[in-house]
Structure formats: structure tokens, C-alpha cells
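Here's a relaxed walk through the structure for someone meeting it fresh. Have a look at it first, and then we'll go part by part.

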Amino acid sequence: MKRPLSLNPVLIKELRGRMRGPRAYLFLSGTLVLLGLAGYGLYRLALFSAQSFFGGGVPQGALIGQSVFVGLVFIALVVICAIAPSLTAGAISGEHERKTYDMLMATPLRSSSVLLGKLAVSLSYAALILIAAVPMVSLSYVFGGVATIDMLQALLLLVGFALTFSTIGLFFSALFRRTTPAVLASYTVLAIFVFGTVFVYGIVGTINQQSPPSWILALNPFSAIASALVNPVSSSPTVFSIGGGFSGPVFGVLWLISGASYDPATLALPRPLWHLTVGIYAWLTIALYLVSTQLVKPVRRFRLRRRAWAMVALFVAGSIVAALMLYGPWSPERILAWLRWNLSTPSNLIANGKFDAPLESAWQVSTESEHDYESGGEVTPVTEDGRTLVRFSRTGEGHAETRITQSIDRAVPADGWLQVRVTLRVQSDNLYLCGIFGSECPLMIKLNYEDVAGRPHEWMLGLNTETVPLDFVAYPETCTTCERPRPFVPVPPKEWYTYDSPNILESISPDALPRRIVSITLAAGGHTYETEVAEVALLVREGRPPDSGDAFGGFLTPTPAPIGPFIINRAIQVLPPLPPTPAPTATPIS
Amino acid sequence: MSQVHAIETRDLTRRYGRVLAVDHLNLQVPRGALFGFIGPNGAGKTTTLRMLAGLLEPSSGEVWVNGQRIDHDWRALRQVIGYMPDFFGVYQDMLVWEYLDFFARCYQMPVARRRTMVDELLDLVNLSDKRDANVQALSRGMQQRLCLAHALVHDPQILLLDEPASGLDPRARVEMRELLKELAAMGKTIIVSSHILPELAEMSTQVGIIEKGKLVASGSLAEIRHKLRAGRMLRLRILAEEPQALEAVRQAVGALGAVDGRPAASEPVVVPDYSRLGTSLEVEFAGDDHEVAALLAHLVARGAPVADFHEASNALEDLFLRLTEPGTAS
């Protein structure tokens, strides 16, 4: 008996009733006339602004096109806000008031069918207006400056908002069962969304004397559209007053309500507000729809069977998980990173790192000395407390370096984890810090590697006992002759100390990231020194620990983003773009 | 109790706040019955019918349809039951055939059957010529018939009709009554509510009388009469002077003997009727149809000039008034 392909009866009935007679025509014509007049007005305003503030080499056509486009989208949104709730606020209550509710409910029609039919009618009405307005909006193509994707995005957002507002109307209609209170309640909610949020935003800003948090505006459809269409950097009054002096007739206000803030230094942008708006609206729509399906039922309202309760539990859990994933710390990237990190096991690239086997089996010893008559020091395996350690020792006047090297020749993942661990004891060291060039530490770890382009590099880490020099200014706190030095790591003198480095790959700038480790060298340098190493390991691991990043899905921490050439986010580039954003500098390991 | 009833309620109760609209109602409607559900306004008829149609939740009690208890599966119930509400509305901007087509779609009727069904139903309720009229343009009687047609869209076994004749002129009432007889003849179980007993008494196979949410009597009309020992009111016109006429009737009643240990009829009462010849009398008569015939035979045998002998039409009203409390019946 179930015929899944049959059309929703309520939809057909409503369409027959609603589209009959002159009302639909008149309303559509009125809306189009309004949009047309507004478009023309926007064109005149934009033309005037462009002529008066001409400058900065910004083409007028594109700016006019963008002004007209954005202005029309906003007027369409005003129309949606004005009609969407009223299309559904009488949907269920009207059935009660016309005494048709009982007849409708005496049929086997599901309450969800009734609601979906009513919603579909409302949406189709809103879509009719929007689609009829598309040719008007596409006039902005004449002037250029608007991409099709912008238009599609605006259309989708408007339809989505229409759905949410229709559901709000439907919910109140089912709740109150009378049209007047339902209409009042729907428009009150909408007014809170549109005006209430801006009011609170303003109050909070005034009280705190600083830019209020933008999430206050998340419920505001106008803010959402503004954040979707308007580039917060290039439309900001500051940029325009410097750049071209043109801010168009609407963009100042739009920039203000889009809640956008950017870091003037890096031009970094937070995640746009509409991401949050769409999520909240989607949740609200589903929740109100589910409650409405119960409100519409004539009997057994909110008496759910076990399966329905399971659905409710699933919905609640699903919303929480979705919120965490979309806006919280459970973003898919972070989950994947977490999985990758936890599924990977660190592997040690160094053989004979504990020196159990004879030293020569894996390590080559080499020394150098400033004076020919002095030794470059000795590397001696020593057994102490049941373990083998390697002693680097030298006594002399001139510079010397004593080292052991192991060739590795292993690839490392560029987005992975590379860590060096060393257990050492500095018995004696007669230089302040690491000497006058910072290249004579009691222990230095050097990595020779190839980067992605195959260029050779050397990464160096020095460990010292931090003896304070008399004329400390003369002694650098990092190696001055090395290619990629790290700040020195202090170790306590004359006792065993294990140093675990942070992720080496994060300390190297992206242009010189290693692809292949060639060799590792442990070296002691200076004049007279004695350093013992019990263990050295070079650990490599897939993935990174997922503790980094914004726990609020990027809404709090702005990330650097390219700014558009114009006001609209993805506008066609008719001019060479503004100077590129400075590349993010690597954060040093502290 | 082996017979499966089309509809049975067990202690069906509905409260509105403190008001008991329906009070432990035990109703039994056999299959194929035309059940007259009668009670004064506000007695709980509509509440009961809405509960039977699955539009209102009982506060307590059970509804059994075709021997199955209806607990949560109201949707299955709705395929079996056609419901016509007492106050019904029509959608705006809708044509008559669209109206029926809409409900046919609600019952998920296949396209092919929908077309023919709409025409058949319009034919049944005599609205074929109004097929393409706007629903709002129909007269009250036509709308009522259209509403009845909507309840028949899915060819239900059971029809619940809430005051289908209210607000109709006498001609439309007769038409509605004929329609109901036709439906009953089709084998449907029909429950018709009304606040006017005589309207239903003629055609109902069964009657249930409800007062203040309680079923005060149910069964066939004869059974109810019998149970209440309620006589029917006989009206006689005898072409004689008053004393002779009274004497003739007394003798005839006396000759009839006692019925159930009581006199067959009450003392005759003279009813003033100046427009006609002879004497008009009324007696309350306790016997059945055979005894009524016997009474007439006795009268005729005694040579009484009986000009008129009929059952007073307001006897049902009296019965109704007697069943429902004085003052509340309208």
C-alpha cells in the first residue's frame, strides 16, 4: 500500500490553493519591482561613490557590480525574513481554525508528511521569488566583479534561511494552534535574531570598550550573509581609507555587522561567522521539526516508543558530536591526526645507540685539532654500573673536536615527528657557554639531511653546562657558524641527564624541511673537555600529537588568509592582487 | 459475547480538567448496524466519536475495533474508519474534485482509482454537476454531502458521522437520510450522532442514548421501550361524544387484559381538537404491535366509530425527554 513515489498530498493541495488567483502574481511582481528599484538605486549610489572617490586604480565597473550584487542579496534577505515565517505561521493553526484539522488527522497521513508538505510549499514560494530575482541579480554581471560561485552561495544561504524561518513559523503554528500568536511569536524570534543580536553586540562592545566577540552575531542572518560575501579585510573602512577611499554605499555597515575582525599585522582572519550560523540554524531546524511532528499529532503526543526514544538520544548525541567536530576540538583533521599519532610507533633510526656492541660496528670516530701537535681527543667506550658509555675526552690548549658519526640514510615524513634523545654527563668543560662562536659545546648533535629539493643541510643542537662568562656579552647563546642552530640546552654538570628534544621538524622552516636524514654526528668540542654519553636515539614517528590548534574550530584563533582583490570574498581578479600575505614564520621552540 | 463488534468501548472515559465529558462508556456496535447515537447537546457525543476516530486520546478505557484493541496503532485504524466531524471546514481556493482528490491522496490511493473514485463519490452524494465548482461556493447542504463523500474516499467499513443533518433544511435532511440508508445497505457500519431522536429512530437498527457522558440506554428502539416499560402514545379519534368515546376505549382496553401484570393502557385523556369531528383521545399504551392491533380490533368489534388511530409522533420525543433529565434536553 505504501507508495514511496507518490507526491506529498499536502504539498499538492497547498500549491493548488496558493498559486491560484492573482495573489501569487501580484506578490511576485511587487517583489521584483522592489528588487529592480533597489538595484537601480544601488547602481546610482555606487556610481556616485566610485566617481567621487575615484582613486587607487580600482576599476569602477567591478565595484559597481559588487555593490549592486551584495545590495540585492540583502534586499532578498529582507524579503525572505518578511515572508518566510508568515508562509507557515498559519499552516497548522489554519487547519485548526478552518476546522479541517480533524478531517486531515483522521486520514492515515503521517504528521511528518503534513509538516514536510507545508514546509515544501513555503520553500517553493521563497525559491520562486529568489529564482525570479536571479536575472535581476545577474545584471551585476554586466559590471563584472561577481563570481558565479558567490551568487550560488548567496542563493543557497537564502534558501537555507527561508527553511529555518519557515520551520520556526511552523513550530509556533503547531504549538499555539492559533494563527495570530504564531505569527507574533515567529516575528519576535526573528526580531531577536536580527535586531537583538546586533543590540547585544553593541552593548557588549560599548561596555568592554573593544571589539565584542563575533559569535554574538551568529544567529543574525544578515551578519551571516555579510560574513559570507564581504571580505572583512578589503571591505574594512580602514583599508579603504588607505587603499582607494571607496567603500561603496553598503559595505561599511556590512563590514560592521559581519562581526569580522582581522589582525592588522598578519591580515589573519577568523573562520567566517556563517559557518557557525549555518550549523546553529540547521540544528534549530531539525530540533523544531522533530518537536513539531509531535505537536501536530492528535493523539499520543510526545509518547514515544522505544525506537523513537533511541532516535531522540541519537539526535542529542549526534548534535553534540557534530558541534564538537564542526566547531570544537573534534575537527576531522584533529581526529585524523590523533589516530595517526596513536597508531604510529616511534622507530629509532640509530643503530647501537646504547653502545652495547663494539663502537666501530656502527660509528665512525673522527677528530680534529687546531694545532698539529695536539691531539683531537679520544673516544673511549667505558663500562660503568653494568652499562657501556662513550667518553669524549681531550686535554689541550687549541680548539679541537672529537666526534662519532653514523650514516643513516633514511626518509622522514615531513609532517611527522622527529626527536632526538640523549643521555649524557658533562664531567668537565673549560669554555663559557659554547665558546666565542657558539660552536664548541661539550656535546653537539648534528643532523645532516637533504630537504625536499635535495639540497643538503645541517641541523645542530648544542648542550652545555651554562657556566656564566665574565664578559657574557661576547658569548653567543647559539652557534654563530652553523647553518641551522638551536638555542643551547643547559645540562647540569657532573651528573647524568637525559634530554628529549621537541619535534625537530616543527623547528625547521618549511622551505628546508628534511626529506632524508643522511647522518648523525655526536661531537664534543672545545679545548679541554670530558663528556660521557650513555645513550643516543633519533626517534621518528608518523603524525604529530593533536594537542595543537584552536579548540573552537578556528573561530577564536585567526588564521592567515589571502585577502580578496575587492570587497567580495571570491571576486574575479581583474587586477593583480594586493601584496601577498607574509608567509607565516615558524614559531621557535622555546 | 462471541460476536465481534465493529466498535466496542470498555469504560471509555475522557476528562477535560475536572469535567467528565465521557464517563465509563460501554458501547457495543455490531457489524452492519446503523447506530443512532443520541443525546442532548454537550452530552459527550462528539467527544466519543473523536475518540473512536483516533483524534482524541481517552483519559482511560479501551477502544476495540473489529475485535482488536486500539492502543497505539491509530494509523491502521484510520484505514477502517471514515469520520465526518460536526463542524467541518473547507479549504480556500479549492475545487470540489480537488477536495476529494486531496483526501484520496492522503489515503495513498493509486492514481487510476483516484479519478474514477472521485466521480463515483460525487455521483453517490449527488454533486456530479458541481465537480468543477469552488468548494466555498457550495450551499451548506452540498458542503455537508461533500464532507460525507470525503469520509467515504477510502471505502471504510465503519463510518462515524457527527450530526450529519444539523443545519440542513428538511429537504436536505431527507436526502441525507436516504444517503445513509443507501450506505447502510452497502453493508457499512454507521454511527450517526444527533440530538434529535425521531430523526434517527426511523432508520436506526440500534440506538444508544447518552446523557452527561453516560450511556443511559442502548439497543433497538423496541428493546429500549421495553426496558423502560415506556408505552407508546396512541392517538384516537372516535366519532362520538366524549363520554361514549371514553367508555368505548376503556372497554376495549379492559378486554385486552393486563400486559406484564399491568393494565395495557393508561386512562384515556381527552385531547382538545376542535378542528375535527368527534373526540380526540390519547392513551399511553404499553403493549407491542400485536397488542396495538388487538386494541383496534376490540374497538372496531364494539362498534366504536374509529376515524383515526395512530401512534403520536412525539412519543419518541417523550421517550427521549424521559431518558434524559428534565431541563437539560433541548
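## Ground rules and the cores

A nonpolar core here is a set of buried Ala, Val, Leu, Ile, Met, Phe, Trp, Tyr and Cys residues joined through C-beta atoms within 7 Å. Buried means that 20 or more other C-beta atoms lie within 10 Å of a residue's own; with 12 or fewer the residue is exposed, anything in between is partly exposed, and the C-beta atoms are placed from the backbone. This is a predicted model, where local features need pLDDT of at least 70 and side-chain atom pairs count only at pLDDT 80 or more, while totals for chains, interfaces and linings use all residues. Residues are numbered from 1 along each chain as its sequence is written, and chains are lettered from A and ligands numbered from 1 in the order in which they are written.

So what does the largest nonpolar core look like, and which residues have the most contacts inside it? It holds 155 residues, and the best-connected ones are Val73(A), Ala76(A), Ile80(A), Ile225(A), Leu160(B), Ile190(B) and Ile191(B). The top contributor to this core is helix 3 of chain A (residues 60–89), with 17 residues; helices (H or I, at least four residues) and strands (E, at least two) are DSSP runs, numbered from the N terminus. Another core of 45 residues lies apart from that one, and Val412(A), Val422(A), Met460(A) and Val540(A) are among its members.

Let's zoom in on one residue. Setting aside neighbours within four places in sequence, Ile191(B) is in contact with Ile7(B), Val29(B), Phe35(B), Phe37(B), Leu49(B), Leu159(B), Leu160(B) and Leu161(B). Contact means that the C-beta atoms of two residues, placed from the backbone, lie within 7 Å.

## Chain B in outline

Chain B has 11 helices and 17 strands. Its C-alpha atoms fill a box of roughly 75 × 45 × 35 Å along the principal axes. Of the 330 residues in chain B, 45% count as buried. Take the contacts in chain B between residues at least 6 apart in sequence: 69% of them join residues at least 24 apart.

The domain assignment splits chain B into domain 1 (5–226) and domain 2 (229–321), with bounds that come from an automatic or database assignment. The centres of domain 1 and domain 2 of chain B, taken over C-alpha atoms, are 39 Å apart.

## A six-stranded sheet in chain B

Chain B has an open sheet of six strands in the order 7-8-9-4-10-11, with mixed pairing; two strands pair if DSSP finds at least two bridges between them. Which strands stand at the edges? They are strand 7 (81–84) and strand 11 (214–219) of chain B, and each has a single partner strand, so one side of each is left without a neighbour in the sheet. From one strand to the next, the twist averages 15°.

Strand 4 (residues 34–38) and strand 10 (residues 206–211) of chain B run parallel, with four bridges, and Gly36(B) sits opposite Val207(B). Helix 1 (residues 45–52) of chain B packs on the sheet, touching strand 4, strand 8 (158–162), strand 9 (189–194) and strand 10, and its direction makes about 150° with that of strand 8. Helix 6 (residues 170–185) of chain B also packs there, touching strand 4, strand 8 and strand 9, at about 155° to strand 9. For these angles, axes are lines fitted to C-alpha atoms, for helices over the stretch in contact, and values run from 0 to 180 degrees between N-to-C directions.

Strand 10 and strand 11 of chain B pair antiparallel over five bridges, with Gly208(B) partnered by Ser218(B). Two residues lie between these strands in their hairpin, where Lys212(B) takes a positive phi near 50°.

## Unusual backbone spots

Most residues other than glycine have a negative phi. Gln108(B), not a glycine, has a positive phi of about 55°, and is found in the loop between helix 3 and helix 4 (111–124) of chain B. Gln108(B) counts as partly exposed because it has 17 C-beta neighbours inside 10 Å.

## Where the chains meet

The contact takes 27 residues from chain B and 23 residues from chain A. On the chain B side, helix 2 (74–80) and helix 3 (96–106) each supply at least two residues, and helix 3 of chain B gives the most, with five.
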